[in-house]
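Let's take a walk through this chain together, starting with its strands and ending with its helices. Please have the sequence and the 3D view open as you read.

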Amino acid sequence: MPTFVLQLDPNAPRTVDIWTQAIQESYSIDSKFNQRDAVQHLMSSQDIQKIDQMISQFVLKHIFDKICSNMREWERDIVSARRGLSGRLFKVGLKYFSGKQQPAQSSFVDPVTKQVYYYYHSPEMMMRRLGDFAFMIRDYKYAQGIYDMLRKDFDKQGRYLGGVLEMLSVSLLMQGLSSDCRRKQYMEQAIGLYEPLKPLLAIRASMWYTDLLKDLKYYREAAQHLIKYSADDSDYKCALFLEQAAFCFLMCKIPKHRKYAQHLVLAGHRYSKAGQLDYYLRNYSASKTIYEDSQWTLIEDHLHFSLGKFQSQKGDLESGIDYFIRLLRKSRQAPHIQRQYLSEFLYLYQNYSKTANVDHLSELLHIPVIHHDSLQVLTGLKESETDEKFLEMEQELLKELKHKPMETKLSCAVGETTRVVFVAHNDLSVPIPINNVTLELLFDGQPLLIEYKTEMAVSDQVQIQTLLDVSLDAGEQKTITIQMHPKQKGTLKILGVRYLLCGIIPILKKFEKQIDLTITPPMPVLDLQLHGVPESMVAGQVVQAVLEINNKGSAGLRGLVVQHSHPTFVLFCSPDVSDQYMTQQPDNKIQFDNQIRPQRFTKLELPEGDKDLLPSTLTTVLPVWIRASRIGKHQIKFVFLYQSEETTTWRTLRYSVQVQVNPTLRMNSFARTSMTHLNEFIFGIELENLHLKPLSVTQLTCFSPLWTMSSIEEDPCVLGPGEIKYLYFRLSRISAPPNPSQTPEFETAFMIESFIKQDQKRHSVKPIDLLVSSLGQVHLFILAHPRLLSILLQDACSI
């Protein structure tokens with residue numbers, strides 16, 4: 001071997017120090033030059049090149065040659081003697097023809113430990129070194145053959161057999177024989193032999209084997225091997241193996257994130273039992289990123305509780321509170337567990353609030369859950385109906401009255417009661433109390449200076465209700481209503497709701513949509529009730545109802561107009577139309593206005609004083625007639641429009657009633673020429689009772705300009721359920737017919753002719769004189785279309 005002499009030249013230029021690259025940047029390299037043992041800084045690049053050349057020649061020409069020489073010698077002297085027929089005959093000859101000389105012993109038994117030990121120069125140990133040398137020069141197949149022969153020699157020596165089996169498994173693995181089942185079997189046998197003798201060797205073999213599997217990208221098999229040997233009493237070993245198995249699952253060709261997170265949690269649990277809290281925190285924090293925002297609420301709650309408890313014990317109360325807040329939500333936790341979480345959170349909050357600002361917790365806590373889509377601001381004293389039909393009626397009424405469209409912004413008058421309604425939901429499994437529930441407001445952009453300690457907080461601008469105690473049971477949804485009374489004109493902004501959770505934590509929840517409420521001067525407030533409308537009526541039935549009108553505002557009400565969805569059902573009368581007038585005997589001749597006008601709306605006349613004004617705090621009533629004109633279930637919708645006596649601002653009120661109309665009679669009519677008198681007809685009516693009870697016909701009235709009607713038979717007409725009867729009457733023409741130009745037929749023909757000729761002139765329609773023929777014991781004057789036969793029915797059982 002050549003010898004290289006290194007000459008150190010103090011004057012040689014200094015080269016870059018390749019030996020201290022790990023030194024921190026802040027460390028001064030110049031200080032290293034002053035040390036007396038820093039001779040490497042005096043080496044030149046030629047010196048380093050010569051050292052590299054020396055080491056390469058030493059390894060290749062001397063070490064490698066020595067290994068090959070020993071392998072050839074051991075192969076010739078030991079291995080070849082055990083192979084083939086000649087080797088076996090040689091052994092037999094030594095046994096029978098060597099005389100009394102005994103062969104040298106290759107092993108001995110320790111008298112103390114009773115374990116078998118092999119001599120260093122024994123054939124078995126020399127073959128073991130031969131196999132190891134073959135493994136070092138990467139002749140894995142030759143090494144496998146050597147180890148396989150030694151496996152039979154070390155059959156009953158556990159410590160030596162374990163090492164041979166371990167190397168045999170690794171040799172098979174390094175040959176790429178991944179499908180060979182012997183590889184896995186040999187390694188399991190080796191670890192099984194190590195564990196009772198030296199557990200540290202078993203751990204070393206497992207880690208070496210799994211590292212080789214990971215290097216060959218057999219991650220799934222490596223994870224299975226680690227999990228198999230993680231069921232041990234040693235918390236350190238189990239935690240380490242489970243953590244490595246988790247990373248193996250993550251490195252698979254298709255990453256298995258759930259198994260990765262699961263084994264991280266198991267490893268973190270064993271780390272906590274071993275007292276390694278930093279590793280425990282690392283594993284739990286890494287698994288939390290997988291389970292967060294998933295549907296596995298139980299494991300997620302376990303992570304949050306464990307991390308929160310650990311952070312609070314370390315003194316990091318802010319992080320601990322953050323984890324406990326995530327526990328207070330809807331989950332599958334048992335009530336007693338969630339009660340424990342809530343108690344821990346309140347305890348941490350009390351300690352944390354003594355040392356830090358806790359205002360930011362209002363945005364993190366969602367107890368209770370506020371349903372922002374349920375937020376409503378109701379002005380006035382009655383809740384508004386919400387329906388598109390009402391909106392169409394309002395727009396049509398304003399257009400008909402030629403008023404400007406109503407402003408879409410929300411408004412309330414001074415002194416009126418305004419209610420803010422929203423739904424709060426407790427999604428926890430335990431009841432929670434909330435106290436001092438009130439609103440967060442701005443008046444003209446400035447916060448209100450109010451102390452919310454009483455049931456009604458008062459300021460110069462507004463008076464706000466405070467709900468001192470609101471309890472929400474587990475899973476309960478409750479509608480919360482907070483009233484306020486504006487006292488000044490301005491703009492009121494509703495920001496959110498403020499409350500005290502569990503009597504400890506002040507919370508401010510802002511609404512997603514902030515509402516601006518315009519406060520106007522005092523306005524009238526219409527409140528009404530329709531009395532006397534039955535829930536069920538029969539077809540054609542007419543009842544009188546009473547409309548109670550009340551002005552509960554601070555200003556007078558005028559210009560009351562109503563529009564309803566069923567014009568043939570409802571008739572609003574003036575206050576001077578009494579019940580006695582409606583039931584009196586009519587004259588034999590009436591004059592009827594023949595104008596056809598669509599009834600879009602009705603202007604209501606008030607009974608006392610000014611017919612158009614209802615002062616503040618006064619109540620009045622108006623008669624209303626309801627006629628069941630169509631069969632079925634009907635919802636009659638009303639839109640009332642009114643304005644203040646002081647301003648031109650319009651307000652509307654929506655109101656509705658439901659009526660069920662049941663069938664009564666089916667009627668067919670026919671007429672025949674009289675055989676005895678001229679200008680007379682026999683008029684017949686076929687009646688069928690469709691009602692479930694008997695019906696009695698009490699009156700029949702005929703309106704006509706030319707004909708009068710008289711009864712032929714005087715017997716009372718009572719129809720049972722499903723019964724059919726025929727009634728006959730005599731129609732007589734009057735002796736002195738009116739002017740033909742005054743008949744309805746002439747007016748109709750004249751209008752049709754004008755339409756065909758496209759005559760644009762407006763023609764005045766003359767009123768029509770009608771003869772009234774009323775038959776029966778009770779005489780009712782019915783407001784009906786001319787020439788319409790109206791039959792009034794009464795329940796025979798109620799007469």
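Two strands are said to pair if DSSP finds at least two bridges between them. With that in mind, look at β8 and β9 in this predicted model: a hairpin of 3 residues leads from β8 into β9.

**The hairpin and its neighbour**

Strand β8 covers residues 456-458 and β9 covers residues 462-465; the two run antiparallel and are joined by 3 bridges. Within this pair, Met456 sits opposite Gln465 of β9. Strand β9 also has a partner in β11 (residues 477-486), again antiparallel and again over 3 bridges. Here Ile464 faces Met484 in β11.

**The chain as a whole**

Before going further, it helps to step back. The chain holds 19 helices and 32 strands. Of its 799 residues, 40% are buried. Among contacts with a separation of 6 or more, 70% are between residues 24 or more positions apart.

**Two open sheets**

One open sheet has 4 strands, arranged β25-β26-β30-β28 with antiparallel pairing. The edge positions belong to β25 (665-673) and β28 (707-711); each has a single partner strand, so one side of each lacks a neighbour in the sheet. On average, and ignoring direction, neighbouring strands of this sheet are turned by 30° against each other. Inside the sheet, β26 (residues 680-689) pairs with β30 in the antiparallel sense over 9 bridges, and Ile682 stands across from Arg730 of β30. Strand β30 (residues 724-733) is also joined to β28 by 5 bridges, running antiparallel. In that pairing, Met709 has Leu731 of β30 as its bridge partner.

Another open sheet of 4 strands follows the order β14-β16-β22-β18, and its pairing is antiparallel. Its edges are β14 (526-531) and β18 (570-572), each with a single partner strand, so one side of each is left without a neighbour in the sheet. Neighbouring strands here are turned by 25° against each other on average, direction ignored. Strands β16 (residues 542-551) and β22 (residues 619-627) pair antiparallel over 9 bridges. Within that pair, Ala545 is opposite Val624 in β22.

The pairings met so far can be set side by side:

| Strand pair | Bridges | Opposite residues |
|---|---|---|
| β8 and β9 | 3 bridges | Met456 and Gln465 |
| β9 and β11 | 3 bridges | Ile464 and Met484 |
| β26 and β30 | 9 bridges | Ile682 and Arg730 |
| β28 and β30 | 5 bridges | Met709 and Leu731 |
| β16 and β22 | 9 bridges | Ala545 and Val624 |

**A buried asparagine in a loop**

Now turn to Asn426, found in the loop between β5 (418-425) and β6 (432-443). Is Asn426 buried or exposed? Asn426 is buried, because its relative accessible area is 0%, and buried means under 20%. What surrounds Asn426, leaving aside residues up to four places away in sequence? The residues it touches are Pro368, Pro431, Ile432, Leu472, Asp473, Ala474, Gly475 and Glu476. One of these, Asp473, places its backbone oxygen 2.9 Å from a polar atom of the Asn426 side chain.

**Helices α7 and α9**

The helices offer a different view. Helix α7 (residues 181-197) has 17 residues and spans 26 Å from its first C-alpha to its last, close to the 24 Å expected at 1.5 Å a residue. Its buried residues are Arg183, Tyr186, Met187, Ala190, Ile191 and Tyr194. Why do these residues share a side of α7? They lie on the same side because they cover an arc of only 130° around the axis. The face of α7 turned away from this buried side carries the exposed residues Cys181 and Pro196. As for partners, the buried residues of α7 pack against α5 (140-153), α6 (158-174), α8 (199-215) and α9 (219-228).

Helix α9 can be read in the same manner. Tyr219, Ala222, Ala223, His225 and Leu226 are its buried residues. They cover an arc of only 160° around the axis, which puts them on the same side of α9. These buried residues pack against α7, α8 and α10 (235-250). Helix α8 thus appears among the packing partners of the buried residues of α7 and among those of α9.

How values were computed
Residues numbered from 1 in each chain as written. Predicted model: local features only at pLDDT ≥ 70, side-chain atom pairs only at ≥ 80, totals over all residues. Heavy atoms only, no water. Expected span 1.5 Å × (residues − 1). Buried < 20%, exposed > 50% of the residue type's maximum accessible area, 1.4 Å probe, protein only. Arc of directions from axis to C-beta. Contact = heavy atoms within 4.5 Å. Axes fitted to C-alpha atoms, helices over the stretch in contact; angles between N-to-C directions. Polar contact = N/O pair within 3.5 Å; in protein donor to acceptor, adjacent residues only side chain to side chain.
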